[in-house]
Amino acid sequence: MAELVTIARPYAEAVFRIALENKALTAWSERLSLLSAIATDEQMRSCIGNPELSATQKSTLFKSLIGKAQDGSEANLIDVLANNERLSALPEIAGLFEELRAAQEGVKEATIYSAFPVDDAQLKALIEDLEARFKTRLTAEVVVDQSLIGGVKIVVGDQVLDTSVRGKLESLRLALKN
């Protein structure tokens, strides 16, 4: 897995530079998402790995599946990846691109573990509080974890904010043990 990420990184950085220069981060994000979805399709994966198909055939097939006119950069990316037998790295390229984009935009990913489902109003209020606390914009993913008993546990990067009942009970257990 680490090898594929290593292979994908230069491509992701090159695409990111192109997108940044052209002020097209959102457009490239959408393009890479589509390309990634095509590359992960089971039938497409078998075509990508088929040694009987030439790089040109793979590139042409890939472009035909996009279903819209590609700009020169997108068509060039597909050609370069096909020629270097790297079309299978597209999901990693897309993921690394999104990481670079988030860093550029100053957005961090937050994972919110909650004992109960969180409605939109609660989530919005929680994100506003967390953005003030962490002094950055956040995108949040909510995971329901009933083992928390109550409350929430929030992970932003390498920081953890645990206000769950289970977390408080664990802190109390450790305090009593010492």
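In which helix do Arg101 and Glu98 both lie, and how many residues apart are they? In this predicted model, Arg101 and Glu98 are both part of helix H6, where 3 residues, about one turn of the helix, separate them. Their side chains meet in a salt bridge, with a distance of 4.0 Å from N to O. Arg101 is buried, its relative accessible area being 15%, whereas Glu98 is partly exposed at 31%.

Salt bridges elsewhere in the model were examined in the same terms. The total comes to 6 salt bridges. One of them joins Asp79 to Lys63, and the closest N and O atoms of this pair are 2.8 Å apart. The Asp79–Lys63 pair links distant parts of the chain: Asp79 belongs to helix H5 (residues 72-83) and Lys63 to helix H4 (residues 55-66), with the two positions 16 residues apart in numbering. Asp79 has a relative accessible area of 26% and is partly exposed; Lys63, at 22%, also counts as partly exposed.

A further salt bridge is formed by the side chains of Arg173 and Glu170, at 2.6 Å from N to O. Arg173 and Glu170 both lie in helix H8, 3 residues apart, which is about one turn of the helix. Arg173 is partly exposed, with a relative accessible area of 42%, and Glu170 is partly exposed at 35%. Salt bridges with shared partners also join Glu98, Arg101 and Glu105 into one network. In general, side chains of opposite charge can pair when their charged atoms come close.

Aromatic contacts were considered next. The search of the whole structure finds 1 aromatic pair. This pair consists of Phe16 and Phe97 in an edge-to-face arrangement, with 5.8 Å from centre to centre and 70° between the planes. The two rings link distant parts of the chain, since Phe16 is located in helix H1 (residues 2-21) and Phe97 in helix H6 (residues 90-105), 81 residues apart. Phe16 is buried, with a relative accessible area of 9%. Phe97 likewise counts as buried, at 0% relative accessibility. Helix H6 thus holds Phe97 of the aromatic pair and both Arg101 and Glu98 of the salt bridge described above.

A ring is also involved in the surroundings of Arg31. Arg31 is placed in helix H2 and lies over the face of Trp28, 4.8 Å from the ring centre. Apart from residues up to four places away in sequence, Arg31 touches Lys68, Asp71 and Glu74. Is Arg31 buried or exposed? With a relative accessibility of 17%, Arg31 counts as buried, because this value falls under the 20% limit.

The backbone was then inspected for positive phi values. Most residues other than glycine have a negative phi. Lys23 has a phi near 50°, a positive value in a residue other than glycine. The position of Lys23 is in the loop between H1 and helix H2 (25-40), and Lys23 counts as exposed at 77% relative accessibility. Lys135 has a phi near 55°, again positive in a residue other than glycine. Lys135 is found in the loop between helix H7 (120-134) and strand S2 (137-144). With a relative accessible area of 74%, Lys135 is exposed.

The surface also carries a nonpolar patch. Which residues form this nonpolar patch on the surface? Its members are Ile149, Val165, Leu169, Leu172 and Leu176, which together have about 490 Å² of accessible area. Leu176 is part of helix H8 (residues 165-177). Leu176 has a relative accessible area of 69% and is therefore exposed, as this value is over 50%. Helix H8 accordingly contains Leu176 of the patch as well as the salt-bridged residues Arg173 and Glu170.

Notes. Residues numbered from 1 in each chain as written. Predicted model: local features only at pLDDT ≥ 70, side-chain atom pairs only at ≥ 80, totals over all residues. Heavy atoms only, no water. Phe/Tyr/Trp six-rings, centres within 6.5 Å; stacked < 30°, edge-to-face > 60°. Helix = DSSP H or I, 4+ residues; strand = E, 2+ residues; numbered from the N terminus. Buried < 20%, exposed > 50% of the residue type's maximum accessible area, 1.4 Å probe, protein only. Lys NZ or Arg CZ within 6 Å of the ring centre and 35° of its normal. Patch = residues over 30% accessible without salt bridge, like charges linked within 9 Å, V, L, I, M, F, W, Y side chains within 5 Å. Areas by Shrake-Rupley, 256 points an atom, 1.4 Å probe, with all protein chains shown as cover. Contact = heavy atoms within 4.5 Å.
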